[in-house]
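Welcome to a short set of exercises on reading a protein model. Take each task in turn, try it on your own, and then follow the solution step by step.

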Amino acid sequence: MACPIAGTCTFFNNQLRMMEERKKIIKITFCLSGFTQCARYKVYEHFKSEHKVPPNLYPNNFDHAHELIGLGKKHRKFY
Ligand code: SF4
């Protein structure tokens, strides 16, 4: 099953720079099958919003994804 947010994803729509061969492997690994493992998808899933996924977040940048999700949790504690 393909990623449900592929239509608006900056990576999937070739707006992020990456070597073509690597991009192809990530699309096969994440976008076209294991999208729940993708850093971009994890941020989307956490916030339930495509608008919360930074356009420049790479699918394999798990550190940044975890930071974003962690910040989101901290932020919510104050409300
Ligand atoms: S990069 Fe991630 S969020 Fe974008 S289409 Fe692929 S799996 Fe989905």
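**Warm-up**

Lys48 is exposed, with a relative accessibility of 65%; here exposed means over 50% relative accessible area, buried under 20%, and partly exposed in between (1.4 Å probe, protein chains only). Before you go on, note that this is a predicted model, in which local features need pLDDT of at least 70 and side-chain atom pairs count only at pLDDT 80 or more, while totals for chains, interfaces and linings use all residues. Residues are numbered from 1 along each chain as its sequence is written, and side-chain values use heavy atoms, leaving out hydrogens and water.

**Exercise 1. Find where Lys48 is located and what the sign of its phi is.**

Step 1: Look in the loop between helix 2 and helix 3, where you will find Lys48. Helices are DSSP runs (H or I, at least four residues), numbered from the N terminus.

Step 2: Read the backbone angle: phi of Lys48 is near 55 degrees, a positive value in a residue other than glycine.

Step 3: Now turn to Asn14, whose phi is near 60 degrees, again positive in a residue other than glycine. Asn14 lies in the segment before helix 1, and at 46% relative accessibility it counts as partly exposed.

**Exercise 2. Work out which residues of helix 1 are buried and how they are arranged around the axis.**

Step 1: List the buried residues of helix 1: Lys23, Ile26, Lys27, Phe30 and Cys31.

Step 2: Look down the axis of helix 1: these buried residues fall within an arc of 105 degrees, so they line one face of the helix. The arc is that of the directions from the helix axis to the C-beta atoms.

Step 3: Check the face turned away from the buried side, which carries the exposed residues Glu21 and Ile28.

**Exercise 3. Locate the salt bridge that a search of the whole structure finds.**

Step 1: Recall the general idea: side chains of opposite charge can pair when their charged atoms come close.

Step 2: Apply the cut-off, a side-chain nitrogen of Lys or Arg within 4 Å of a carboxyl oxygen of Asp or Glu. The search of the whole structure gives one salt bridge, and Glu20 forms it with Lys23, the closest N and O atoms being 3.4 Å apart.

Step 3: Place the partners: Glu20 and Lys23 are three residues apart in helix 1, about one helical turn.

Step 4: Compare their surroundings. Glu20 is exposed at 58% relative accessibility, whereas Lys23 is buried at 6%. Lys23 touches Phe11, Asn14, Leu16 and Met18, not counting residues up to four places away in sequence; a contact means heavy atoms within 4.5 Å.

**Exercise 4. Describe what surrounds Lys27, given that it has no salt bridge.**

Step 1: Find Lys27 in helix 1, residues 20-31.

Step 2: Look for an opposite charge (Lys and Arg count as positive, Asp and Glu as negative, with His and the chain ends not counted). Lys27 is buried, and the nearest side chain of opposite charge, Glu20, is 6.7 Å away.

Step 3: List the neighbours. Leaving out residues up to four places away in sequence, Lys27 touches Phe11, Phe12, Asn14 and Leu32.

Step 4: Look at Phe12 again: the charged end of Lys27 sits over its ring, 5.0 Å from the centre. For this, NZ of Lys or CZ of Arg must be within 6 Å of the ring centre and within 35 degrees of the ring normal.

**Exercise 5. Classify the aromatic pair of Phe30 and Phe62.**

Step 1: Learn the rule: rings of Phe, Tyr and Trp (its six-membered ring) pair if their centres lie within 6.5 Å, and planes under 30 degrees apart count as stacked, over 60 as edge-to-face and the rest as tilted.

Step 2: Count the pairs: a search of the whole structure finds three.

Step 3: Apply the rule. Phe30 and Phe62 are 6.4 Å apart, centre to centre, with 85 degrees between the planes, an edge-to-face pair.

Step 4: Locate the partners. Phe30 lies in helix 1 and Phe62 in helix 3 (residues 62-77), so the pair ties together parts that are 32 residues apart in sequence.

Step 5: Compare exposure: Phe30 is buried at 13% relative accessibility, while Phe62 is partly exposed at 30%.

Conventions: Helices (H or I, at least four residues) and strands (E, at least two) are DSSP runs, numbered from the N terminus.
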